[in-house]
Number of protein chains: 2
Amino acid sequence: MTERVDIFGDGRAVIYQGDCLEILPTLAPGSVNAVVTDPPYNSGGLFRSDRVRTTRDKYQHTDTARLHANFSGDNRDQRSFLAWAMVWLGMSQQLAAPAAMLAMFSDWRQLPLATDAVQGGGWIWRGIIPWNKTESARPQRGWFRSQCEYIITATNGTLGKEQDREAAMCLAGMWSEPIKASEKVHSTEKPLDLMKWLCGPVRSGGLILDPFMGSGTTGVAAVQLGRKFIGIEIDPGYFKIAHRRILDAAPLFTQRTNDP
Amino acid sequence: MTERVDIFGDGRAVIYQGDCLEILPTLAPGSVNAVVTDPPYNSGGLFRSDRVRTTRDKYQHTDTARLHANFSGDNRDQRSFLAWAMVWLGMSQQLAAPAAMLAMFSDWRQLPLATDAVQGGGWIWRGIIPWNKTESARPQRGWFRSQCEYIITATNGTLGKEQDREAAMCLAGMWSEPIKASEKVHSTEKPLDLMKWLCGPVRSGGLILDPFMGSGTTGVAAVQLGRKFIGIEIDPGYFKIAHRRILDAAPLFTQRTNDP
DNA sequence: TGTAGGTATGAATCCGACT
DNA sequence: AAGTCGGATTCATACCTAC
């Protein structure tokens with residue numbers, strides 16, 4: 001029941017439509033240099049009743065014109081989020097090469113569970129990077145605005161030698177960029193610049209995996225940087241969008257090689 | 001075995017020298033409008049052998065001229081940190097008025113434990129504020145710099161009505177300010193501007209509690225903002241320093257009232 | 001082309017109404 | 001009564017429209 005597409009015909013970017021829990025075990029162990037992904041947070045609200053609403057009802061104004069499609073898998077409670085995340089993180093770690101990197105998004109509320117899941121999945125947790133959305137985040141009266149999302153970083157084993165990663169440069173530990181609503185296709189889409197920066201430590205030609213591809217921004221970043229990419233997306237609609245966006249991301253001369 | 005000093009003689013700023021676990025139960029329940037504190041993080045490295053070293057060894061280069069005194073309480077393992085933090089957070093919550101605020105510092109490694117302790121202590125966790133130390137943090141070759149500390153925010157019950165807090169304004173959700181090592185007295189001292197900003201939601205005349213006063217920056221902020229302050233510090237040396245700094249923080253005309 | 005002014009938006013949260 | 005539901009609200013910013 002899963003579809004597989006080799007976007008450029010040369011294995012540079014391969015995407016799967018289906019559940020990552022089914023697809024991850026079929027991939028080659030030890031082949032992945034980085035997992036860069038933005039899973040459903042299963043968050044929102046102080047109470048369970050705030051979580052059972054659909055993503056759109058939770059996060060968008062009732063009168064918003066630009067309504068995004070809902071996405072599945074965003075209604076787990078805390079225990080099952082932990083169990084589920086630990087499973088796909090463990091599967092991903094089996095695919096990871098030594099010293100491979102993990103970068104996983106979370107909001108403030110799920111951060112403790114997410115770091116538990118990362119470590120439970122066999123990764124070595126190495127830090128948190130805040131993404132500062134600046135004043136484009138919603139304000140809250142009489143309290144501090146929740147204006148950051150967080151990227152949990154980890155490695156498969158030790159950080160490794162320099163040849164395992166791109167140029168031993170020093171990267172900043174935080175990213176500031178507002179949300180640009182008009183450029184978004186997916187309601188939780190991340191800025192392309194941010195994803196490219198996150199892929200920084202992956203060596204040229206390395207393979208980047210995203211088990212929750214969404215509209216494919218990670219794939220666009222990987223292709224533009226000359227890294228290989230494997231993406232998985234459960235929703236057929238977003239799968240098609242990701243396919244198109246990654247195809248359009250390649251420089252013209254490489255696309256031409258497959259032109260008739 | 002505890003010392004108590006009423007700094008201005010009018011109850012505006014009262015400090016205790018001793019263990020907060022002994023002193024907190026002696027204070028008046030329901031009297032505190034905010035707990036603003038920076039407890040010992042007990043973080044350390046990835047392994048226990050890193051944790052048994054003292055704070056000075058971990059965080060300072062051996063040839064650093066400015067050697068801070070080691071502060072106590074930084075050698076607990078994770079489970080005992082959680083138990084210990086839950087106890088003083090619970091005691092503090094007993095002292096808190098309805099809708100009182102909690103702001104507690106943590107580093108990235110202790111964040112999950114700290115949020116568990118906050119909730120275990122009876123507070124309602126409401127967010128995380130990153131403090132971006134900018135490029136003053138040490139860079140790391142081939143990886144993302146760890147340049148943020150975090151402030152966990154919480155309330156005692158609901159956010160409450162506007163009269164419980166200062167001006168129903170919207171506050172930012174992040175703070176950027178480099179560390180100025182030359183101005184520091186304590187090795188983990190926080191910028192005064194940051195502490196004053198954190199005290200923003202406390203209404204004028206409200207009481208701010210800091211069970212881990214250190215060199216007393218929270219007290220300086222409270223006094224300068226016209227809030228009342230109770231501080232606790234276990235180390236006699238820092239207790240003296242805090243006493244002096246808070247005394248000097250008051251505007252001249254108020255100090256004169258106690259001059260001979 | 002440039003500027004000014006109006007409007008839509010945000011990986012929320014609050015709170016009243018209802019079951 | 002605890003649980004559930006869904007509309008109202010926050011404001012800096014980006015975007016759109018008018019002149």
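**Helix packing and the surroundings of DNA strand C**

The crossing of α4(A) and α5(A) is right-handed in this predicted model. Helix α4 of chain A, spanning residues 78-95, and helix α5 of chain A, spanning residues 111-120, pack at an angle of about 35 degrees, and their axes are 8 Å apart. On the α4(A) side the contact is made by Q78(A), F81(A), L82(A), A85(A), M86(A) and L89(A), which meet L113(A), A114(A), D116(A), A117(A), V118(A) and G120(A) of α5(A). Sorted by class, this contact between α4(A) and α5(A) comprises 9 nonpolar, 2 polar and 1 charged residues.

The loop between α3 (55-59) and α4 of chain A contains H68(A), which counts as buried because its relative accessibility is 7%, a value under the 20% limit. When neighbours within four places in sequence are left aside, H68(A) is in contact with R56(A) and Q60(A), as well as with K184(A), V185(A), H186(A) and S187(A).

DNA strand C is surrounded by 33 residues, of which the closest are H61(A), A65(A), K133(A), I179(A) and R126(B). By class, the surface near DNA strand C has 13 nonpolar, 8 polar and 12 charged residues. Among the atoms of DNA strand C that lie within 4 Å of the protein, 51% belong to sugar or phosphate, the rest being base atoms. With respect to the bases, a backbone N or O atom of K58(A) lies 2.9 Å from a base nitrogen of DNA strand C. With respect to the phosphates, a polar backbone atom of A65(A) is 2.8 Å from a phosphate oxygen of DNA strand C, and a side-chain N or O atom of K133(A) is 2.7 Å from a phosphate oxygen of this strand.

Definitions and conventions:
Residues numbered from 1 in each chain as written. Chains lettered and ligands numbered in written order. Predicted model: local features only at pLDDT ≥ 70, side-chain atom pairs only at ≥ 80, totals over all residues. Heavy atoms only, no water. Axes fitted to C-alpha atoms, helices over the stretch in contact; angles between N-to-C directions. Helix = DSSP H or I, 4+ residues; strand = E, 2+ residues; numbered from the N terminus. Left-handed = near helix turned anticlockwise from the far one by under 90°. Contact = heavy atoms within 4.5 Å. Nonpolar A, V, L, I, M, F, W, Y, C, P; charged D, E, K, R; others polar. Buried < 20%, exposed > 50% of the residue type's maximum accessible area, 1.4 Å probe, protein only. Near = heavy atom within 4 Å. Polar contact = N/O pair within 3.5 Å; in protein donor to acceptor, adjacent residues only side chain to side chain.
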